Amino acid sequence: MDEIINKVANSVLEVFDLEDYYPNGIRTQIDISQWLLEGFLLKEKDFRESLKNHDWKQYENQYVAIDCSTDAIIPAWASILVTVYLSPFAKKVVMGSLSDLETALYQEILPTLDYSKYQDKPVILKGCSKKPVPENAYIMAIQKLQPFAKSIMYGEACSAVPLFKKGK
C-alpha cells in the first residue's frame with residue numbers, strides 16, 4: 001500500500017487566515033432606542049438623565065457597536081454622548097452593526113501586519129472561518145496581499161478559487 005502524502009503541507013503554498021488576527025473579547029451592541037420616548041422621540045433632558053444613570057461599567061473591556069433599532073431620527077450628538085460614557089470602559093466603540101464593528105477592528109489590524117513573507121509565493125486567503133470575519137476584511141486583506149503574492153486563491157487548499165495572478 002502506498003504512503004499517503006499531504007501535498008498541501010509539502011507545497012510552497014502560504015495560507016493567510018484572517019481568523020488568526022481576530023481579536024478576542026466580548027462584542028456588544030447598544031440600542032439607543034432604549035433611551036427614547038416610546039423608542040422614537042429623543043427628549044434631551046430625559047435622554048441625558050438615562051445615560052447618567054446607566055451602568056456603563058458593564059461594558060468594561062468590550063467592543064461596542066452603537067445603533068438604533070427603530071426608525072427614529074436621532075441627532076448626531078446623541079451617539080457621540082453615548083460614546084463619551086462608554087469610552088472609559090470599552091476597548092472600542094463604533095456607530096453601526098456588529099459587522100461594522102468587526103470591519104473596524106480589521107481596519108486597525110491589517111495595516112500593521114508584515115506581508116513580506118508572502119513575497120512571490122502562491123497564497124490562499126482562507127475562507128470558512130468559525131469566527132465572524134466580515135466580508136470587508138477579505139477585501140482589505142487581498143489589497144494588502146496583492147503587491148506581494150505571486151498568486152492568490154480563496155477558500156481551502158482542496159477547493160480554492162483563483163482570484164489573482166501577478167503578471168510577468
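## Exercises on a predicted model

Asp17 is buried, with a relative accessible area of 11%, where buried means under 20%, exposed over 50% and partly exposed in between, with a 1.4 Å probe and protein chains only. The model is predicted, so local features need pLDDT of at least 70 and side-chain atom pairs count only at pLDDT 80 or more, while totals for chains, interfaces and linings use all residues. Residues are numbered from 1 along each chain as its sequence is written, and side-chain values use heavy atoms, with hydrogens and water left out.

**Exercise 1.** Locate Asp17 and find the backbone nitrogen that lies 3.0 Å from a polar atom of its side chain.

*Solution.* Begin with the loop between β1 (14-16) and β2, where Asp17 lies; helices (H or I, at least four residues) and strands (E, at least two) are DSSP runs, numbered from the N terminus. Then look from the side chain of Asp17 to the backbone nitrogen of Glu19, which is the partner at 3.0 Å.

**Exercise 2.** Compare the expected span of helix α3 (residues 98-109) with the distance between its end C-alpha atoms, and say which elements its buried residues pack against.

*Solution.* The expected span is 1.5 Å times one less than the number of residues, so the 12 residues of α3 should span 16 Å, and the 17 Å between the end C-alpha atoms agrees with this. Next, take the buried residues of α3, among them Leu101, Leu105 and Ile109. An α-helix has 3.6 residues a turn, so residues three or four places apart point the same way. The buried residues of α3 pack against β2, β3 (63-67), β4 (92-95) and α4 (135-145), a contact being heavy atoms within 4.5 Å.

**Exercise 3.** Decide whether Met95 is buried or exposed, and list the residues that Met95 touches beyond four places in sequence.

*Solution.* Met95, which is found in strand β4, counts as exposed at 51% relative accessibility. Leaving out residues up to four places away in sequence, Met95 touches Ile66, Asp67, Ser79 and Asp100. Of these, Ser79 is 16 residues from Met95 in sequence and 7.4 Å away in space, C-alpha to C-alpha.

**Exercise 4.** Examine the phi angles of Glu38 and Asp120.

*Solution.* Most residues other than glycine have a negative phi. Glu38, however, has a positive phi of about 55°; Glu38 is found in the loop between β2 and α1 and is exposed, with a relative accessible area of 74%. Asp120 also has a positive phi of about 55°, and it is found in the loop between α3 and β5 (122-126), where Asp120 counts as partly exposed at 49% relative accessibility.

Definitions and conventions:
Polar contact = N/O pair within 3.5 Å; in protein donor to acceptor, adjacent residues only side chain to side chain.
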